[in-house]
Amino acid sequence: LTPFLRVEFTHGTQDAFREQGGYGRDFGGASLKRLSIPVGLEIGRTDEWKGKPWAQALRVSYVGDVLQDVPEGTVYSPYSDMSWRGRAVSLERHGLRAEYNTSLQCNERWSVYGGYSLEARGNSLYHRVNAGVARSF
């Protein structure tokens with residue numbers, strides 16, 4: 001068992017856009033900023049599969065948000081000639097996360113990896129899947 005403390009910063013933007021159709025609204029751009037600090041435990045194992053190094057890790061953590069900026073932007077309806085401020089849904093500031101990651105070193109330069117993460121925040125569940133091939137130089 002290995003305890004860990006990580007820092008994660010999320011930043012995303014949405015450019016301004018107009019809805020399709022005769023009653024389409026104009027939405028102004030918005031941005032999301034979030035600083036999270038996951039704290040948890042990791043169980044890791046390194047083994048061999050057909051003579052090749054194979055690493056696996058299972059992590060369970062509490063994810064608390066130190067900073068959470070809820071995106072908001074101007075909305076304008078040309079049909080009614082009205083504008084207002086629109087806000088995104090404010091997510092829970094606390095969550096629980098479980099992650100599993102694995103990596104297989106195929107040779108000196110190539111490896112394949114994959115992982116899955118499930119995060120629960122209030123009534124929301126977030127699933128993340130990553131998979132790929134990596135080449136070392």
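**Nonpolar patch and aromatic pairs**

Strands β5 (30-49) and β6 (52-69) each contribute at least two residues to a nonpolar patch, which covers about 590 Å² of the surface in this structure. The model is a predicted one, and a search through the whole structure finds two aromatic pairs.

**Nonpolar surface patch**

- The patch is formed by L1, L41, I43, L58, V60 and Y100.
- Among these residues, L41 has its place in strand β5, and L41 counts as partly exposed because its relative accessibility is 43%, a value between the limits of 20% and 50% that bound this class.

**Aromatic pairs**

- A pair of aromatic rings is described by the distance of the centres and the angle of the planes.
- Of the two aromatic pairs found, the one made by F17 and F27 is stacked, because the ring centres lie 5.0 Å apart and the planes stand at 10°.
- This pair links distant parts of the chain, since F17 belongs to strand β3 (residues 17-18) and F27 to strand β4 (residues 26-27), ten residues apart.
- F17 is partly exposed, with a relative accessible area of 40%, and F27 likewise counts as partly exposed, at 21% relative accessibility.
- Y23 and Y79 form an edge-to-face aromatic pair, with 4.4 Å from centre to centre and 85° between the planes.
- Because Y23 lies in the loop between β3 and β4, and Y79 in the loop between β7 (72-77) and β8 (82-87), the pair ties together parts that are 56 residues apart in sequence.
- Y23 counts as exposed at 58% relative accessibility, and Y79 counts as exposed at 61%.

How values were computed
Residues numbered from 1 in each chain as written. Predicted model: local features only at pLDDT ≥ 70, side-chain atom pairs only at ≥ 80, totals over all residues. Heavy atoms only, no water. Patch = residues over 30% accessible without salt bridge, like charges linked within 9 Å, V, L, I, M, F, W, Y side chains within 5 Å. Areas by Shrake-Rupley, 256 points an atom, 1.4 Å probe, with all protein chains shown as cover. Salt bridge = Lys/Arg side-chain N within 4 Å of Asp/Glu carboxyl O. Helix = DSSP H or I, 4+ residues; strand = E, 2+ residues; numbered from the N terminus. Buried < 20%, exposed > 50% of the residue type's maximum accessible area, 1.4 Å probe, protein only. Phe/Tyr/Trp six-rings, centres within 6.5 Å; stacked < 30°, edge-to-face > 60°.
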